[in-house]
Amino acid sequence: MLVVILVAVALVAASSAWPPERYLPTDASLQGIQEMEYKDHYAMEDRYAAFFQGLFDPVITVPSLKIGQTIEVVFKNPPTGYLSFNLVTAASDVALHFNPHYTDDGGYVVLNSLIHGAWQEEEKPTGYPFPADNVQTMVTVHITVGQSKFTISVNGIEFATFNYRPGLSYETVRHMTWNAPSEAILESIKIKF
């Protein structure tokens, strides 16, 4: 165990290929840009990407969202466990918590919001739009910004809507967080019309 920890520390110290700030565009760099993309451009094997992703859960700056824009998240789904990504406000509230749970017998998805440090009432849409039987494959989630709600589709099929909670809307979102097991490799995040 000590050897594993020492190797991990040595890899982190020696690696200059993973500065988290590389994935955080500044407001100045986003001016006039209609599409933002988070993409891992390093030629690392999945196991190394998974190792570093586990150490540094990405926080991605989101430019001011507009009605009609879509946030596209592409990732390799895990065989079991859960992952989540959150649309977070400047006040650290969560406008949308998207949380699929992969289980041996299928799974379920939890949608929620966090307001002033308190989770609100969970919504569990019917159905499970992710691959069954623990098959690992690429998944594309689209979150489309509407006037009063987010519309969520998975692999091109509309799955759920999530009404904005009081005081939270697309206008309050400032960044996005990602948290997942190492098998769920984040491929890209795009914000586009």
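In the predicted model, K124 is exposed, because its relative accessibility of 51% lies over the 50% limit. The salt-bridge partner of K124 is E122, and the closest N and O atoms of this pair are 4.0 Å apart. E122 has a relative accessibility of 45% and therefore counts as partly exposed. The bridge between E122 and K124 is one of three salt bridges in the structure.

A further salt bridge is formed by the side chains of R165 and E123, with an N to O distance of 3.1 Å. This pair connects distant parts of the chain: R165 belongs to the loop between β11 (157–163) and β12 (173–179), whereas E123 belongs to the loop between β8 and β9, and the two residues are 42 apart. The partners differ in their burial class: R165 is buried, with a relative accessible area of 13%, while E123, at 30%, is partly exposed.

E72 and K192 also form a salt bridge, in which the closest N and O atoms are 3.4 Å apart. E72 is located in strand β3 (residues 70–76) and K192 in strand β13 (residues 186–192), so this bridge ties together parts of the chain that are 120 residues apart in sequence. E72 is classed as buried because its relative accessibility is 10%, which falls under the 20% limit. K192, with a relative accessibility of 23%, counts as partly exposed.

Aromatic contacts were examined next. A search of the whole structure returns nine aromatic pairs. F98 and F130 make up one such pair, with 6.4 Å between the ring centres and 55° between the planes, an arrangement classed as tilted. The pair links distant parts of the chain, as F98 lies in strand β6 (residues 94–103) and F130 in the loop between β8 (118–119) and β9 (138–145), 32 residues apart. F98 and F130 are both buried. Ring pairs join these two residues with F75, F85, Y102, Y128 and W178 in a cluster.

Two members of the ring cluster, F75 and F85, also appear among the residues with the most contacts inside the largest nonpolar core. This core comprises 38 residues, and V141 and F150 complete the group with the most contacts inside it. When neighbours within four places in sequence are left aside, the contacts of F150 are L87, A95, L96, I143, T144, V145, A160, T161, F162, Y164 and Y170.

Strand β10 (residues 149–154) contains S153. At a relative accessibility of 14%, S153 counts as buried. Apart from neighbours within four places in sequence, S153 contacts T140, V141, H142, E158 and F159. Of these contacts, V141 is also one of the residues with the most contacts inside the largest nonpolar core.

The arrangement of β6, β7 and β8 was then considered. Strands β6 and β7 run antiparallel and are joined by eight bridges. The connection between β6 and β7 is a hairpin through two residues. Y102, a member of the aromatic cluster, stands opposite G107 in β7. Strand β7 (residues 106–115) is mostly covered, with seven of its ten residues buried.

Strand β7 also pairs with β8, again in the antiparallel sense, over two bridges. L114 has W119 in β8 as its bridge partner. A hairpin with two residues between the strands is formed by β7 and β8, and H116 in its turn has a positive phi of about 50°. The loop that follows between β8 and β9 holds both F130 of the tilted aromatic pair and E123 of the salt bridge with R165.

For the chain as a whole, the secondary structure amounts to three helices and 13 strands. The chain has 193 residues, of which 40% are buried. Among contacts with a separation of 6 or more, 64% are between residues 24 or more positions apart. The chain exposes about 10200 Å², and 55% of this area is supplied by carbon and sulfur atoms.

Terms used: Residues are numbered from 1 along each chain as its sequence is written. This is a predicted model: local features need pLDDT of at least 70, side-chain atom pairs count only at pLDDT 80 or more; totals for chains, interfaces and linings use all residues. Side-chain values use heavy atoms; hydrogens and water are left out. Rings of Phe, Tyr and Trp (its six-membered ring) pair if their centres lie within 6.5 Å; planes under 30 degrees apart count as stacked, over 60 as edge-to-face and the rest as tilted. Helices (H or I, at least four residues) and strands (E, at least two) are DSSP runs, numbered from the N terminus. Buried means under 20% relative accessible area, exposed over 50%, partly exposed in between (1.4 Å probe, protein chains only). A nonpolar core is a set of buried Ala, Val, Leu, Ile, Met, Phe, Trp, Tyr and Cys residues joined through side-chain atoms within 4.5 Å. Contact means heavy atoms within 4.5 Å. Two strands pair if DSSP finds at least two bridges between them. Accessible areas come from the Shrake-Rupley method with a 1.4 Å probe; for residues, only the protein chains shown count as cover.
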